[in-house]
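Hello,

Here is the structure I promised to pass along. Please have a look at it first, and then read on for what turned up.

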Amino acid sequence: MSAEQETTQETVTASGSIKSRHKRFLWIAVGLVFVVAIVALVLNALGSSITYFYSPTDVMQNKAPQGRAFRVGGMVEGGSVVRGTDGLTVYFNVTDTAETVSVVYTGILPDLFAEEKGVVAQGKLDDHGVFQATQVLAKHDENYVAPEVQAALDEAHKARAAETLKQ
Amino acid sequence: MSGFKYAAPAQFYSLAGKMVPWFAVLAAILAVIGLAIGLYVAPIDVTQKDSYRIIFIHVPAAWMSMFLYVVMAFWGAMALGLNTRLSAMMAQSIAPTGALMTALALWTGALWGKPTWGTYWAWDARMTSELILLFLYLGIIALRNAIDDPRRADKACSVLALVGVVNVPIIYYSVNWWNTLHQGATIKMGKASIDDIMLAGLLVMVFAFWFYSIAVTLVRLRAIILEREAGAAWVARLAEVKEER
């Protein structure tokens, strides 16, 4: 059968059965609805296990896994970073502004690790409620700022702070 | 109804041939402009310094990987519903470019992840679902090659493409639905938390990726049409085919 013959045949069957064509699209739609429903149920059942890290609030409310490794994420609390005498151990607090978790980590920190910046630490809670981290990753935000813009923002911030002091 | 004449592979073959050079040239020009803005004109980012510049490749590739999948699934649905050959060939021609874009997004993301996060890879929802997207593309390509009858392969691949389309909103919203290492969207409806010149470079690169994808997909589509219509009289009448014989 040549391609041209096939084309004519198709035209005939297609135009002769508008109904069956609608029926096929209906079946596709029904199938998609079922697939979406299945995936939604599976994702719902998996729930928090898809989550990459738990917040300090989750940890305090015992929602984080007990007795095994997990990740805690949030902001590095300002002024909380203390370096140990060995030069490798670092102590800091992870906060979600509501709750705070103390973290101890020995190793190399990512370049973007800084106070008031996002962080994700993997490890275990010890008996004293201190999080013994085995890995620390920097989580950065979705903002991309040019240096001049940042300088201008800092200026404005300083000006506002001075203003408040005067009052 | 004149537009419908292009639904015939013979008509679309010549139309696609006329469109390819335009899209290819546009893609090349935009890529040069976009990379010039991205690599020279745009300033560094305050926190990430120069390493953020990977977004000029990473973001367009990631967007295309999702967008191409939706287009492929759309043509799959058309192929199933209308039983048209050209729709299935469209879907078939998109899969390799989609897989390339997905691989590019994952690869550039890993290169960027190491200096930024401190790791190449993390099993968070965004990265895992994007990896699943790559497996879907590769699975669809493999499935087609596993079935000898092209019309049966069309149906099987269309069904698989349609089932996999649920993964696209999961990739897109993963950063909102779950805690992920990957940050949220920078460019949202109505506002973007990115410097204007960086945004300009990014958007130019997005269009470059669009036109590249269209050009390459059309070239592949023309090859697929010729291959699958090899026995047809119109193919034998083509000047380029006559030359070959």
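**The nonpolar cores**

The largest nonpolar core has 61 residues, and those with the most contacts inside it are Ala61(B), Tyr69(B), Met72(B), Met90(B), Ala91(B), Ala161(B) and Ala208(B). Do keep in mind that this is a predicted model. Seven helices of chain B each give two or more residues to this core: H1 (9-41), H2, H3, H4 (125-146), H5, H6 (167-177) and H7 (196-228). H2(B) provides the largest share, 17 residues. If you would like one residue to click on, try Met90(B): leaving aside neighbours within four places in sequence, Met90(B) is in contact with Trp75(B) and Leu221(B).

Apart from this core lies another, of 29 residues, and among them are Tyr52(A), Val76(A), Tyr105(A) and Leu112(A).

**Where the chains meet**

The contact between the two chains takes 38 residues from chain A and 40 residues from chain B. On the chain B side, helices H2 (55-82), H3 (85-116) and H5 (150-164) each supply at least two residues. Here too H2(B) gives the largest share, in this case four residues. Sorted by class, the side of chain B that touches chain A has 22 nonpolar, 14 polar and four charged residues.

**Strands of chain A**

Strand S4 (residues 100-106) of chain A is a nice one to look at, as its side chains alternate. Val101(A), Val103(A) and Tyr105(A) point to one face and are buried, whereas Thr100(A), Ser102(A), Val104(A) and Thr106(A) point to the other and are not.

What does S4(A) pair with? Strand S3 (residues 89-95) of chain A pairs with S4(A) in the antiparallel sense over seven bridges, with Phe92(A) opposite Val103(A). These two strands form a hairpin with four residues between them, and in the turn Thr97(A) has a positive phi of about 75 degrees. S4(A) also pairs with strand S6 (residues 131-139) of chain A, in the parallel sense over three bridges. Val103(A) stands opposite Phe131(A) in S6(A).

**One residue in S6**

Gln132(A) has its place in strand S6 of chain A. Is Gln132(A) buried or exposed? Gln132(A) is partly exposed, because 15 other C-beta atoms lie within 10 Å, a count between the 12 or fewer of an exposed residue and the 20 or more of a buried one. Not counting residues up to four places away in sequence, Gln132(A) touches Val104(A), Gly123(A), Lys124(A) and Asp126(A). The C-alpha atoms of Gln132(A) and Arg24(A), 108 residues apart along the chain, are separated by 57 Å.

Best wishes

Definitions and conventions: Residues numbered from 1 in each chain as written. Chains lettered and ligands numbered in written order. Predicted model: local features only at pLDDT ≥ 70, side-chain atom pairs only at ≥ 80, totals over all residues. Pairing = 2+ DSSP bridges. Contact = placed C-beta atoms within 7 Å. Nonpolar A, V, L, I, M, F, W, Y, C, P; charged D, E, K, R; others polar. Core = buried A, V, L, I, M, F, W, Y, C linked by C-beta atoms within 7 Å.
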